[in-house]
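These are my notebook entries on a single chain. I record below what I looked up, topic by topic.

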Amino acid sequence: MGYHEAWQRSIDDREGFWREQAARIHWQTPFEQVLDYSSPPFARWFVGGRTNLCFNAVDRHLPARADAPALIYVSTETGQERTWTFGELHREVVTMAAILQAQGVGHGDRVLLYMPMIPEAVFAMLACARIGAIHSVVFGGFASHSLASRIEDATPKVIVSADAGSRAGKVVPYKGLLDEGIRLSAHKPEKVLMVDRGLAPFDAVAGRDVDVAALRDAHRNATVDCQWLESNEVSYVLYTSGTTGKPKGVQRDVGGYAVALAASMENIFRGEPGRTYFCTSDIGWVVGHSYIVYGPLIHGMATILYEGTPVRPDAGILWQLVERYRVSVMFSAPTAIRVLKKQDPSWLTRYDTSSLETLFLAGEPLDEPTATWIGDGLGVPVIDNYWQTESGWPILTLANGIAPMVTKPGSPGVPMYGYDVQIVDEVTGEPLGANQKGVLAIAPPLPPGCMQTVWRDDRRFIDTYFSAIPQRMLYSTFDWGIRDDDGYYFILGRTDDVINVAGHRLGTREIEEALLSHAGIAECAVVGVADSLKGQVAVGFAVPRDAAVVTGSDAALALEGELMRTVERQLGAVARPARVHLVTTLPKTRSGKVLRRSIQAACEGRDTGDLTTIEDPTALDQIRAALR
Ligand code: PRX
């Protein structure tokens, strides 16, 4: 069967297709119904079935591979390197589950994780899954305001954190940011479990903060059974940015997610149980959830958790790890490859990378020179894959495990089974033909693994994702796309105010809100500007309240510095703009709407488009002058 027939079947006979895929995981209680779509656009998969993500990722492998590697931890930041077998991983996860239970965490409670790339983070995620607690991992690069909004929305009973992360040899203390985040939040966790790595001294809050290591001994022989969850119960909430300043809690189920990941491991990644998967993402992002933690382990593969950059101690480190652990599948982001491309190309051939079968890249547009450079350098196929926090697994890529297909430069590929992808007109919602640019949309029901709803906000799920396209109830990806005559898709940027910096998804509104919290600023605009290394960078334009603060003056330089630090303190270094320029006015329409698209075009030296509605044409000249 060719790929197209397989895809067609997944749409025409949804239930038959997914019933077969569901056999890949363990069901403690079989499901009664494959799909309940009685309340569109909400899809409930594998209704009545009971299962557990931790059981599928860990316990299920104990009979066959208790002594096989499961978690391989490498930190080039601290020099730590250690492997846990499935048996050892099981022990650590059960211990962590017992520790969480001892803090009062039970079925349905939220546990927020604000953690660097350390094994305890994986133990904690799996421990939550084991006892039916809902984890919400906050990326370690975020700071106090980002934390506060997530704490307030997820209302965690317990937070698990650590003293510090480390980035490129520099210790990044977490505890101060966490304490500030809790202070800013109206909701307070009952306990904070601290993993002390000995990197940054911190003050423990009496009665609230608990040292994980101290509890470990007390619970190391504990027994904690898996809580069998109905397929549609909540496994986790992961926050992501959109058009508004308030991040959305992407809510995921249990059974559908397990099935979707298990299927993708074979159909898309062609991983083999017993071999090693290396994903260079971070557990704070969806790629880390799906393809550092759950996907590889569910499939019985060893997974590498890597704390470090691609160029330290040298630009050969990733390939050295491929050699040492005989990695067969690798998953990274285009930015990481562009960083390596600036280094001596001989690093690609110094190690024995013959175990590597495929390199998958995702998270941002993959440019052809980068794909060719790394594919030729390593001598392996490079496969682009397009998806979102909301989908949980690839929407567009190649399913070479079903039927091999050729790669097309610049295209992430074709719709994956289960995704009824369409390109539609932004205004009329009508489906468009080949070679016509429109919004990339998906006709519901969304397949297993995709978000169920916005955490505690069904209305927002419908209003955000299913109301953006007029006339028809379609899921909007908020990406522009085009399909060619052969059915391959191309992604042409976001339709909303989301930007993508080095594969990190950020909302410009959040950055604007952080800038506006500075008393010296009257108004501002943040746009994403093309960058040859990071894909995009954030650039801000701010109007000072004090007209005497003119560009180039000492006062202006001081203010720009303060603004950058404000964003860093509130949102984290990841959101810090590359520059904040001071201007006396922003380009706006006569009705007062900031012309962000025109500002972005000016920043990229492109035509600024139709400006008949602009209030003050000199405002754009100021933007151009600031950039010079
Ligand atoms: O704009 C698309 C871009 O990243 C967005 C999703 O980001 P996030 O929620 O962080 O999930 C990343 C999961 C891989 C998309 O809406 N994007 C993601 N992958 C690609 C991409 N743009 C172009 N090509 C890709 N392969």
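**Entry 1. Contact between the domains**

I began with the domain contact: 19 residues of domain 1 touch 14 residues of domain 2. I note that the model is predicted. Domain 1 covers 3–308 together with 385–477, and domain 2 covers 502–627. I took the distance between the two domain centres over C-alpha atoms and obtained 33 Å.

I then looked up the area. About 1,200 Å² is buried between domain 1 and domain 2, and carbon and sulfur atoms give 47% of that area. I asked which residues of domain 1 lose the most area to domain 2. They are Ser241, Gly245 and Trp285, which together account for 36% of what the domain 1 side buries.

**Entry 2. Polar links across the interface**

I searched the interface of domain 1 and domain 2 for salt bridges, and the rule finds 1. I counted polar contacts as well, and 11 residue pairs link domain 1 and domain 2 in this way, both partners being at pLDDT 80 or more. Which helix gives the most to the side of domain 1 that touches domain 2? I found helix α7 (residues 144–154), with 3 residues. I sorted that side of domain 1 by class and recorded 6 nonpolar, 12 polar and 1 charged residues.

I also recorded the pair Glu390 and Arg505, which form a salt bridge whose closest N and O atoms are 2.9 Å apart.

**Entry 3. Surroundings of the ligand**

I listed the residues around the ligand and obtained 17. Arg505, already noted for its salt bridge with Glu390, is among those that come nearest to the ligand, along with Asp384, Thr389, Asp479 and Arg494.

I next examined individual polar atoms at the ligand. Asn385 places a polar backbone atom 2.8 Å from a nitrogen atom of the ligand. Gln388 instead uses its side chain, with a polar atom 2.9 Å from an oxygen atom of the ligand. For Asn500 I noted a polar side-chain atom at 3.4 Å from an oxygen atom of the ligand.

**Entry 4. Salt bridges in the whole structure**

I extended the salt-bridge search to the whole structure and found 37. I inspected one pair, Lys175 with Asp209, where the closest N and O atoms are 2.8 Å apart. Why does this pair tie together parts that are 34 residues apart in sequence? Lys175 belongs to helix α8 (residues 175–184) and Asp209 to strand β12 (residues 209–211), so the salt bridge joins these two elements.

**Entry 5. Backbone geometry**

I looked up cis peptide bonds and noted the one from Arg312 to Pro313, with omega near 0°. Pro313 sits in the loop between β17 (302–307) and α12 (317–325). I noted another cis peptide bond from Pro444 to Pro445, with omega near 5°. Where does Pro445 lie? I located Pro445 in the loop between β24 (438–443) and β25 (453–454).

Lastly, I checked phi at Arg270. The angle is near 50°, a positive value in a residue other than glycine. I placed Arg270 in the loop between α10 (255–267) and β16 (276–279).

Conventions:
Residues numbered from 1 in each chain as written. Predicted model: local features only at pLDDT ≥ 70, side-chain atom pairs only at ≥ 80, totals over all residues. Heavy atoms only, no water. Domains from an automatic or database assignment. Contact = heavy atoms within 4.5 Å. Buried area = accessible area lost by both parts, 1.4 Å probe. Salt bridge = Lys/Arg side-chain N within 4 Å of Asp/Glu carboxyl O. Polar contact = N/O pair within 3.5 Å; in protein donor to acceptor, adjacent residues only side chain to side chain. Helix = DSSP H or I, 4+ residues; strand = E, 2+ residues; numbered from the N terminus. Nonpolar A, V, L, I, M, F, W, Y, C, P; charged D, E, K, R; others polar. Near = heavy atom within 4 Å.
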